[in-house]
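Open the model in your viewer and switch to a cartoon view. Keep the selection box handy. Each stop below tells you what to pick and what you will find.

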Amino acid sequence: MSKSMSVGTVLKVNNKTIGGLKSISGVEISADTSDVTCLSSEDGYKEFLAGFKDGGDVACSGFMDGADEGQSEVYDLVQSGEVVACNIVFPAKIGKTWTFNAMVTKFSTGAQLEDAISFDVTLKVSGKPTLGASAAG
């Protein structure tokens, strides 16, 4: 595997590819911490324990296409609140895919003079995301 441009990256939500995308933010894993510093802590440095992890949000934006099944799916999912399977599939040269469950927490559209109709979607990752090898194909 090697480095690659992002062209060809795909976001799938509930087995439907979202068309017309111009950007996809990545999964951003963070961890809570608990401060366990006490008066007997050595060297004058704070001490911490790792807490729960959070898969964060995945945001995407693109150009609205009234016939796109993926765009219709994310609109339906923001209404239902259902948690579904999602994937960010990077180009074959990278050979990696994010796999995670998420709910749609935002769906918006925009219209500006001399610009295509746009849409924005935010997915809230639920549970543990996995960065693994893409299926050969």
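The tour starts with the sheet, then moves to the core, a few single residues and a pocket.

**Before you start**

This is a predicted model.

**Stop 1: the sheet**

Colour the strands. Seven of them form an open sheet, 7 strands in the order β2-β1-β7-β8-β9-β6-β3, with antiparallel pairing. Now look at the two ends of that order. β2 (16-17) and β3 are the edge strands. Each has a single partner strand, so one side of each is left without a neighbour in the sheet.

**Stop 2: across the sheet, pair by pair**

Select β1 and β7. They run antiparallel and are joined by 4 bridges. Pick Leu-11 and look across to β7: its bridge partner there is Ile-88.

Add β8. β7 and β8 pair in the antiparallel sense, over 6 bridges. Two pairs are easy to pick out by number. Ala-85 stands opposite Asn-101 in β8, and Asn-87 stands opposite Thr-99 in β8.

Follow the chain from β7 into β8. The two strands form a hairpin with 6 residues between them. Stop in the turn at Gly-95, where phi is positive, about 75°.

Now add β9. How many bridges join β8 to β9? There are 13, and the two strands run antiparallel. Keep Thr-99 selected and look towards β9: Thr-130 stands opposite. Thr-99 therefore has a partner on each side, with Asn-87 facing it and Thr-130 in β9 facing it too.

**Stop 3: the nonpolar core**

Hide the cartoon for a moment and show side chains. The largest nonpolar core has 19 residues. Which members touch the most others? Val-13, Phe-100 and Leu-123 do. Bring the cartoon back to see where the core comes from. At least two residues each are supplied by β1 (10-13), β6 (57-63), α1 (69-80), β7 (84-89), β8 (96-110) and β9 (118-133).

Centre on Phe-100. Set aside its neighbours within four places in sequence. Phe-100 is then in contact with a run of residues that includes Val-84, Ala-85, Cys-86, Asn-87 and Ile-88. Val-27, Val-58, Leu-123, Val-125 and Pro-129 are also among its contacts.

**Stop 4: Trp-98**

Step back along β8 to Trp-98, which lies in that strand. Is Trp-98 buried or exposed? Its relative accessibility is 12%, so it counts as buried. Show what surrounds it, leaving out residues up to four places away in sequence. Trp-98 touches Val-27, Ile-29, Cys-86, Asn-87, Ile-88 and Phe-90. Pro-129, Thr-130 and Leu-131 are contacts as well.

Next, draw a C-alpha to C-alpha distance from Trp-98 to Ser-134. The two are 36 residues apart in sequence and 8.7 Å apart in space.

**Stop 5: Thr-122**

Move over to strand β9 and select Thr-122. With a relative accessible area of 14%, Thr-122 is buried. Again skip residues up to four places away in sequence. Thr-122 touches Asp-57, Val-58 and Ala-59, along with Met-103, Val-104, Thr-105 and Lys-106.

**Stop 6: two loop residues with positive phi**

Go to the loop between β1 and β2 and pick Asn-15. Its phi is near 65°, a positive value in a residue other than glycine. Asn-15 is exposed, with a relative accessible area of 73%.

Then jump to the loop between β8 and β9 and pick Glu-114. Here phi is near 60°, again positive in a residue other than glycine. At 79% relative accessibility, Glu-114 counts as exposed.

**Stop 7: the largest pocket**

Turn on the surface. The largest pocket holds about 190 Å³ of space. To find its centre, select Ser-6, Val-7, Thr-9, Ile-24 and Phe-90, the closest to it of the 16 lining residues. Which element gives the largest share of the lining? Strand β3 (residues 21-24) does, with 4 residues. Finally, colour the lining by class. You should see 8 nonpolar, 7 polar and 1 charged residues.

Key
Residues numbered from 1 in each chain as written. Predicted model: local features only at pLDDT ≥ 70, side-chain atom pairs only at ≥ 80, totals over all residues. Heavy atoms only, no water. Core = buried A, V, L, I, M, F, W, Y, C linked by side-chain atoms within 4.5 Å. Buried < 20%, exposed > 50% of the residue type's maximum accessible area, 1.4 Å probe, protein only. Contact = heavy atoms within 4.5 Å. Pairing = 2+ DSSP bridges. 1 Å grid on protein atoms, 1.4 Å probe; cavity = no way out; pocket = protein on both sides within 12 Å on 5 of 7 lines; lining within 4 Å. Points joined across faces, edges and corners; volume = space filled by probe spheres on them. Nonpolar A, V, L, I, M, F, W, Y, C, P; charged D, E, K, R; others polar.
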